[in-house]
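Work through the following exercises with the model open beside you, and try each task before you read its solution.

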Amino acid sequence: MKQSVKIGVQGFTLKEKFQELGPYETLKRVNDLGYHAIEISQIEMTPENVAEIKRASHDFQMDIASLSAGLKPVVEGQESLTTHLDKIINDCKTLESDIVRIGMLPFEAMASLDKVLEFCEEANEVAKKMQEHDIKLYYHNHHIEFVKYDGRYLLDIIREKAPLLGFELDVHWIQRGGRNPVEVLKEYKGKVDLVHLKDYRLVPVPQEAVDAIKEGASERFYQAFTNNIQFAELGEGNLDIKAIIEQSIQSGARYLLVEQDDQYGKDPFECLAISRDYLYKLGYKELF
């Protein structure tokens with residue numbers, strides 16, 4: 001029997017729209033596009049915004065797949081799992097969501113294995129407290145988790161040292177980390193309720209960078225030559241999206257969340273429509 005799975009949207013794609021339109025109208029537009037699940041991100045969780053998200057969720061029968069929170073505040077007063085845990089748990093109950101995800105490593109941990117181990121211990125302790133409320137804590141990867149320490153990927157070290165964490169695997173960032181997303185999804189079977197779907201696009205070297213070589217400005221050329229990767233709408237890049245979705249389902253995912261970190265001047269709703277149409281074309285309309 002297949003695991004029940006739903007395709008939705010990751011809120012980071014819509015961060016400017018949340019500011020421009022507010023949560024309710026933004027989620028209405030998401031619903032109009034045919035998506036009926038969202039991961040809340042890039043919204044200040046004020047009482048007013050939580051109420052608007054709740055109203056939209058009810059009016060549009062939209063799942064709140066998960067909420068986002070950092071382990072510790074980056075700036076003084078910022079909401080975080082170590083400073084506002086009770087409030088975040090209450091938001092989960094209000095929005096009928098049982099998953100909170102940490103979006104990235106603390107900045108200091110990106111340069112230090114010791115800091116990663118500290119993060120793991122603290123995150124595992126928070127996950128234990130959240131379990132008492134039937135809420136799971138998840139961790140979202142970027143490419144930095146594929147740095148190796150003594151031959152082991154950092155992501156695997158986090159899995160070992162923080163056994164209560166689940167994993168939200170981001171297939172674009174796995175590819176950027178040099179791994180095959182399908183293989184990593186296999187390795188994390190049973191630990192992955194959430195998957196971020198975004199494509200991986202290579203673009204041509206711009207003419208001005210080629211011209212720079214002729215002018216003797218080789219650094220400008222090599223900067224363009226080594227930074228020609230983009231976040232892409234599904235179907236507009238090089239990833240095998242169908243194989244990724246099939247393995248995500250086999251690995252136990254509950255939500256597949258379409259995300260595009262940068263739209264390069266396009267309207268984000270237009271990007272979500274392009275990804276939706278590609279997923280329909282692949283035969284996944286029933287998962288919306």
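**Exercise 1. Work out how many helices and how many strands the chain has, and decide whether its radius of gyration agrees with that of a compact globule.**

Solution. Counting along this predicted model, we arrive at 12 helices and 12 strands for the secondary structure of the chain. For the second part, we begin with the chain length of 288 residues, for which a compact globule would have a radius of gyration near 19 Å. The chain itself has 19 Å, which agrees with that expectation. As a further description of its extent, the C-alpha atoms fill a box of roughly 60 × 45 × 45 Å, taken along the principal axes.

**Exercise 2. Find the order in which the strands of the closed barrel run, and state how they pair.**

Solution. Following the barrel strand by strand, we read the order β1-β2-β3-β4-β5-β8-β9-β12, which makes a closed barrel of eight strands with parallel pairing. Neighbouring strands of this sheet are turned by 30° against each other on average, when direction is ignored. To look at one pairing in detail, we take β5 (residues 136-140) and β8 (residues 166-170), which run parallel and are joined by three bridges. Within this pair, H140 has E168 in β8 as its bridge partner.

**Exercise 3. Determine how helix α2 is oriented against helix α3, and which residues make their contact.**

Solution. The first step is the geometry: α2 (residues 23-32) packs against α3 at an angle of about 30°, with the two axes 8 Å apart. Angles under 35 degrees count as roughly parallel, and α2 and α3 are therefore roughly parallel to each other. The crossing of α2 past α3 is right-handed. The next step is the contact, to which α2 contributes P23, Y24 and L27, while α3 contributes N49, E52, I53, R55, A56 and D59. Sorted by class, the residues of this contact are five nonpolar, one polar and three charged.

**Exercise 4. Repeat the analysis for helices α3 and α4, and then find the strands across which α4 lies.**

Solution. Here α3 (residues 47-59) and α4 (residues 85-95) pack at an angle of about 25°, with their axes 10 Å apart. By the same reasoning as before, α3 and α4 are therefore roughly parallel to each other, and α3 passes α4 in a right-handed crossing. In their contact, V50, I53 and K54 of α3 meet D91, T94 and L95 of α4, a group that divides into three nonpolar, one polar and two charged residues. Turning finally to the strands, we find that α4 lies across β3 (63-68) and β4 (99-102), and that α4 runs at about 170° to β3.

Terms used. Residues numbered from 1 in each chain as written. Predicted model: local features only at pLDDT ≥ 70, side-chain atom pairs only at ≥ 80, totals over all residues. Heavy atoms only, no water. Axes fitted to C-alpha atoms, helices over the stretch in contact; angles between N-to-C directions. Helix = DSSP H or I, 4+ residues; strand = E, 2+ residues; numbered from the N terminus. Parallel < 35°, antiparallel > 145°, perpendicular 65-115°, else oblique. Left-handed = near helix turned anticlockwise from the far one by under 90°. Contact = heavy atoms within 4.5 Å. Nonpolar A, V, L, I, M, F, W, Y, C, P; charged D, E, K, R; others polar. Pairing = 2+ DSSP bridges. Rg over C-alpha atoms; globule rule 2.2 N^0.38 Å.
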